[in-house]
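Biologist: I would like to go through this structure with you, one question at a time. Please give the reasoning before each result.

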Amino acid sequence: MPYECNLCGEKFCSDHRLPEKHSCPMLDRGGTDANVVVEIENQRSDENGGLSDKIPSTPSFDGLIDGKVNRVFGLTILVVYVLQLLTIAIAGNEVHNAIFVLQPNNITHVWTWFTSIFAHSPFMLFHIIGNGFILIFFGGLVERLIGSRDYAVLFISAGVVAGLGQAILGLALGDPSVGILGASGALLAVLGVLTTYKPDLTVYLYFFIPAPLWLITGGYAVLSIVGVLAGGGVGGIAHGAHLIGLLIGLLYGYRTKDEHSVRDSTRIGGQV
């Protein structure tokens with residue numbers, strides 16, 4: 001759980017909640033407005049180091065707690081998942097697909113461009129759980145780096161473009177009946193942004209195998225390319241959407257790497 005420092009007003013983990021544990025600027029500036037002090041310290045931090053230097057060495061669970069928009073997205077995914085199950089139980093699969101699934105043969109159903117981003121396979125828990133891990137550990141961190149507004153725009157736009165790209169790929173391959181749903185395209189964009197900002201970020205696969213983020217992202221890219229070449233939707237995975245989302249994130253990251261300032265340079269321990 002996060003703790004708020006009563007001097008500077010910033011939030012910290014339990015290990016750094018005391019002013020002396022996080023080098024609170026208010027210790028040396030009694031009576032100064034906390035918000036002004038924090039802003040000055042952030043500006044100095046930006047001047048003394050690059051973007052990569054201010055990202056925690058490993059992602060942490062605080063990503064979901066810190067990101068306001070990320071929390072909304074996480075809650076939306078859970079609510080939509082419950083609605084999916086209720087729709088199937090009450091109205092059947094056909095109605096469910098019409099509401100939540102982006103289908104190449106019904107690509108003009110504009111609402112599915114957006115509902116499909118937050119919907120997940122009703123009968124494959126690993127789908128929503130896997131995306132949930134990426135959202136929790138990486139989404140909030142990227143939101144903190146680029147700002148809530150830009151994060152929301154990136155997430156939604158990448159999700160829509162990735163879904164439509166997969167649908168067009170399905171039409172091109174003569175398989176218009178395969179539906180697309182899931183936040184994978186948007187989340188791969190998030191992963192791409194973070195990779196450009198700090199490629200050596202340590203990620204713990206299965207919580208104990210350390211690997212640099214660039215290797216994880218590269219692995220996703222290779223799998224997606226192979227999947228697209230093999231038919232686009234091999235194994236029920238929207239490889240085209242994954243690849244498009246990743247490319248959007250990498251492009252956005254390279255274009256904004258020198259523009260965005262880090263809103264919170266606190267190094268919080270954690271592992272993925």
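Biologist: At what angle do helix H6 and helix H7 pack, and is that parallel, perpendicular or oblique?

Modeller: This is a predicted model. In it, H6 covers residues 125-146 and H7 covers residues 148-172, and their axes lie 7 Å apart. The packing angle is about 125 degrees. Angles of 65 to 115 degrees count as roughly perpendicular and those over 145 as roughly antiparallel, so H6 is oblique to H7.

Biologist: Which residues make that contact, and how many of them are charged?

Modeller: H6 contributes Leu135, Gly139, Val142, Glu143 and Ile146. From H7 come Ser148, Asp150, Tyr151, Leu154 and Phe155. Sorted by class, the contact of H6 with H7 has six nonpolar and two polar residues, and the charged ones number two.

Biologist: How are H5 and H7 arranged, parallel or perpendicular?

Modeller: The axes of H5 and H7 come within 9 Å and cross at roughly 110 degrees. The range from 65 to 115 degrees counts as roughly perpendicular. H5 and H7 are therefore roughly perpendicular to each other.

Biologist: Which residues of H5 and H7 touch, and how many residues in the contact are nonpolar?

Modeller: On the H7 side are Phe155, Ile156, Gly159, Val160 and Leu164. On the H5 side are Trp113, Phe114, Ile117 and Phe118. By class, the contact of H5 with H7 has no charged residues and one polar residue, while the nonpolar ones number eight.

Biologist: Which helix supplies the largest share of the largest nonpolar core?

Modeller: The largest nonpolar core has 46 residues, and Phe138, Ile146, Tyr151, Phe155 and Leu194 have the most contacts inside it. Helices that each supply at least two residues of this core include H3 (68-91), H5 (111-118), H8 (184-197), H9 (213-230) and H10 (239-256). The largest share is ten residues, and the helix that supplies it is H6.

Biologist: How many residues does the other core have, apart from that one?

Modeller: Another core lies apart from the largest one. Among its residues are Cys5, Cys8, Cys24 and Met26, and the number of residues in it is five.

Biologist: Is threonine 195 buried or exposed?

Modeller: Threonine 195 is found in helix H8. Not counting residues up to four places away in sequence, it touches Leu213, Trp214, Thr217 and Leu250. Its relative accessibility is 9%, and the cut-off is under 20%, so threonine 195 counts as buried.

Biologist: What about threonine 196, buried or exposed?

Modeller: Threonine 196 also lies in helix H8. Leaving aside neighbours within four places in sequence, threonine 196 is in contact with Leu250, Gly253, Tyr254 and Lys257. At 4% relative accessibility, threonine 196 counts as buried.

Biologist: How far apart in space are glycine 245 and alanine 186, C-alpha to C-alpha?

Modeller: Glycine 245 lies in helix H10, and at 0% relative accessibility it counts as buried. Beyond its neighbours within four places in sequence, glycine 245 is in contact with Ala162, Gly185, Leu188 and Ala189. Glycine 245 and alanine 186 are 59 residues apart in sequence, but in space the C-alpha to C-alpha distance is 5.8 Å.

Biologist: What share of the residues in the protein is buried?

Modeller: The secondary structure comes to ten helices and four strands. The protein exposes about 13,900 Å², of which carbon and sulfur atoms supply 63%. Of the 272 residues in the protein, the buried share is 45%.

Note on methods. Residues numbered from 1 in each chain as written. Predicted model: local features only at pLDDT ≥ 70, side-chain atom pairs only at ≥ 80, totals over all residues. Heavy atoms only, no water. Axes fitted to C-alpha atoms, helices over the stretch in contact; angles between N-to-C directions. Parallel < 35°, antiparallel > 145°, perpendicular 65-115°, else oblique. Contact = heavy atoms within 4.5 Å. Nonpolar A, V, L, I, M, F, W, Y, C, P; charged D, E, K, R; others polar. Core = buried A, V, L, I, M, F, W, Y, C linked by side-chain atoms within 4.5 Å. Buried < 20%, exposed > 50% of the residue type's maximum accessible area, 1.4 Å probe, protein only. Areas by Shrake-Rupley, 256 points an atom, 1.4 Å probe, with all protein chains shown as cover.
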